[in-house]
Every structure is written in structure tokens, then in C-alpha cells.
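Reader: I am new to this structure and would like to go through some of its side chains with you, one question after another. Could you take me through the reasoning each time?

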Amino acid sequence: MLITLAIAIISSLISFFVAYILIKAWINVAKREGLVGIDINKKDKREVAEAGGLWVVISTTFGLLIFEGIYVFTKNNYYSLNDLYSLVILLVLSAFLGFMDDILGWKKGVPQWIRIIAMIPMALPLMIAKYNAYVLSIPFFNKIYLGILYPLVIIPIGVLGASNAFNMIAGYNGLEVSNGLLLLLFTLIFSIIKGLYFIAFIILIVIGAMIAFLLFNWYPAKVFPGNTFTYAIGAFYAGLIIIGDFPKFGLTLFFLYYIELILFIRGLFHGIYKENFGKVNSDNSLDPPYDKSYSITHLAIKVLKKVKGKATERGVVIFIIILQLIVGIITLLLFI
């Protein structure tokens, strides 16, 4: 166990340094080649390098493969490599789908029906890895026997739902990466407590690359994660829950995204396909973009203005981080 932990830590450090080097180089290349996006929550509407999440995925994949290589050559044969391969394939393919969105441009991207159809082959390795898992356990219900429907239907739906949901709370410097880190950190703690060390080791490697990215993505951001990052990390999070067989914990930890979905649907009923961004004032403070709230980011702006008299982009991100911390702590207390 100690040997495998050491391998995971080495792989995580490799993931961190590879990501740091690649992202730093990518910022200059993306700006030179015009692959940039507008930082909408700032008055000057500055241009920022896009699709930086690609390098998080590449670095994570490199770290995972290093982990696998050392793991095999040191003759540690305790964990299933099928699980590792299914997670790597899911990560890479979902990132590719997101990268196509980033390349084609905001609000253009890959049509929704293609995303849905594409998720089936993307989830196929995961479906194969869990081919004999027929029982689903979800919050507020006992275990439900679904038979072959679980690997063939529930798994791809879960991956599709998580990848798209994780993309919904976004648009602020550092927000997506911070939330992703918190989801994985709480899952890491849960995995260690429950003795799911394989899951914990995998998370360590992903976290290495994400911390490197956050150094460039925190306010004021030098690079955006893009859908490359959100699709990949959302799908990967679902994969971890499925491989680890702890859907109750994973679904409960995702609580903020259910609230976001409810607010989004509320907007649709009012004829609004919401944007998360605020209305930017001359001093870069933010006002709510709508009279009503159709996103957690809108709620954050209103709360900050009421409590502090002023809302800022960084303040919104910190507010949502605090909410996710609260959700994470409650979730741990409920399931450990």
C-alpha cells in the first residue's frame, strides 16, 4: 500500500509540473493564434487564452499512465487496470468533445443531440468495466435492482448528466476549477475513510494537474478552462462514482448543481436562456443581469450586494466555494 501511495504521489507531482509547463506555454500560443475568449465580467473585456483545460486532461492522462506503468513494473497487481483504462478513455474522449465546442466557438459548438449520442461510445469502457453491476443506490431510496439496464442505460445517462451539469456553474475566473477541486477533495477524503484507495490515488493525480491550472486561472485569469475542462472533469467525476460504487455520496455532493438546474429551468419558464455573467459596472463590480435569479451566480451577486454593498467577480467565486464547502462537509457527515 505504501509503495502504491508513493507511486501515486510521484505521478501527481509529474501531472502538476507537466500541466504547469504546458499551460504556461499555451497561453502565449493561444494568444498568438487567436484562440482567445472575452473576459466578460471585466469592464475592459480583455482577451484571455481559451481551451486551457486541454492541458489539464493531457497532463492528467500522462500522470495516470505513469502511475499505471510504475504500478505494473513494480508488480503491484492489486487493482484492476480495466477500471483505470475506462477512466482514462472517458476523460480523453469527453475532453475531445468539449474541445470541439471550444474550437467552434461560444454558442456555436457541438449540437446537443451529438453530445447525447457521443456519450454512449465514450461511456462504453465504463459500461464494460461495470457490466455485472445491476444495483443502483441513490439518496432517499433503498437499493434498486435494475438488471442490465444499469450498465447499458444508467451509466451513460449518469456520465452525460454529470458532464453537462458541471458545465452549468461557470463563467467566472477560477470558479469551475475551484468547484472541481472541492468535489474531488471531498471524494478523496471519503475514499480514504472507506478504504477505496484506488479511487483516492487516481484523484491525487487529477488534483495535481488542476492545482497547476488554478495558478493561471484564478482572478485575474490568464487562461480559461473551456468546455474541454468542464465536460472532461464532469464525466470523470461520474466515472469515479461509478467505479467506486458510491452513488449516494457522489449525487449528494453534487447538490449545488441540482439547484443550478432548477434555476435554469425557472429561467426557461420565463422565456430566458440564462447567462451566468453579471452586469459589469465602471469599477468592475457586478450587478445582477436579470430581475430574478436564474443561476447560483445571480444569487451570489444579490447576496453580496445586500451583505457587503458590492459584488465582485472574486467575491462571487469565493461565495460559491463556501457553499460547496458546506455541502461537502454535510455530505461527509451523512455518509462516513
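Reader: Does Tyr273 count as buried, partly exposed or exposed, and what is the relative accessibility behind that label?

Author: Please keep in mind throughout that this is a predicted model. A residue has to be over 50% relative accessible area to be called exposed. Tyr273 comes to 63% relative accessibility, and therefore counts as exposed.

Reader: Which kind of pair do the rings of Phe264 and Tyr273 form?

Author: Phe264, at 15% relative accessibility, counts as buried, whereas Tyr273 counts as exposed. As for the geometry, planes over 60 degrees apart count as edge-to-face. The ring centres of Phe264 and Tyr273 are 5.3 Å apart and the planes stand at 85°, so the pair is edge-to-face.

Reader: How many aromatic pairs does the count come to, and what is the angle between the planes of Phe67 and Phe201?

Author: A pair of aromatic rings is described by the distance of the centres and the angle of the planes. The count comes to 17 aromatic pairs. One of them joins Phe67 and Phe201, a tilted pair with 6.5 Å from centre to centre and, between the planes, an angle of 55°.

Reader: How many residues apart in sequence are the parts that the pair of Phe67 and Phe201 ties together?

Author: Both rings are buried, Phe67 at 2% relative accessibility and Phe201 with a relative accessible area of 4%. Phe67 belongs to helix 2 (residues 53–73) and Phe201 to helix 7 (residues 197–217), so the parts tied together by this pair are separated in sequence by 134 residues.

Reader: Helix 7 also holds Leu204; which residues is Leu204 in contact with, leaving aside its neighbours within four places in sequence?

Author: Leu204, found in helix 7, is partly exposed, with a relative accessible area of 23%. Its C-alpha lies 9.8 Å from that of Ile10, although Leu204 and Ile10 are 194 residues apart in sequence. Once the neighbours within four places are left aside, the residues in contact with Leu204 are Leu5, Ala8, Ile9, Ser12 and Leu188.

Reader: Turning to charged side chains, how many salt bridges are there, and what is the distance between the closest N and O atoms of Asp44 and Arg46?

Author: Side chains of opposite charge can pair when their charged atoms come close. The count comes to eight salt bridges. Among them is the one between Asp44, partly exposed at 49% relative accessibility, and Arg46, partly exposed with a relative accessible area of 31%. The closest N and O atoms of Asp44 and Arg46 have a separation of 2.9 Å.

Reader: How many residues apart in sequence are the parts that the pair of Lys130 and Asp245 ties together?

Author: The side chains of Lys130 and Asp245 meet in a salt bridge, at 2.9 Å from N to O. Lys130 sits in the loop between helix 4 (112–129) and strand 3 (135–136), and Asp245 in the loop between helix 8 (226–244) and helix 9 (247–253), so the parts that this pair ties together are separated in sequence by 115 residues.

Reader: Is Lys130 buried or exposed, and what is its relative accessibility?

Author: Its partner Asp245 counts as partly exposed, at 47% relative accessibility. For Lys130 the label is buried, since a residue under 20% is called buried and the relative accessibility of Lys130 is 10%.

Definitions and conventions:
Residues are numbered from 1 along each chain as its sequence is written. This is a predicted model: local features need pLDDT of at least 70, side-chain atom pairs count only at pLDDT 80 or more; totals for chains, interfaces and linings use all residues. Side-chain values use heavy atoms; hydrogens and water are left out. Rings of Phe, Tyr and Trp (its six-membered ring) pair if their centres lie within 6.5 Å; planes under 30 degrees apart count as stacked, over 60 as edge-to-face and the rest as tilted. Helices (H or I, at least four residues) and strands (E, at least two) are DSSP runs, numbered from the N terminus. Buried means under 20% relative accessible area, exposed over 50%, partly exposed in between (1.4 Å probe, protein chains only). Contact means heavy atoms within 4.5 Å. A salt bridge is a side-chain nitrogen of Lys or Arg within 4 Å of a carboxyl oxygen of Asp or Glu.
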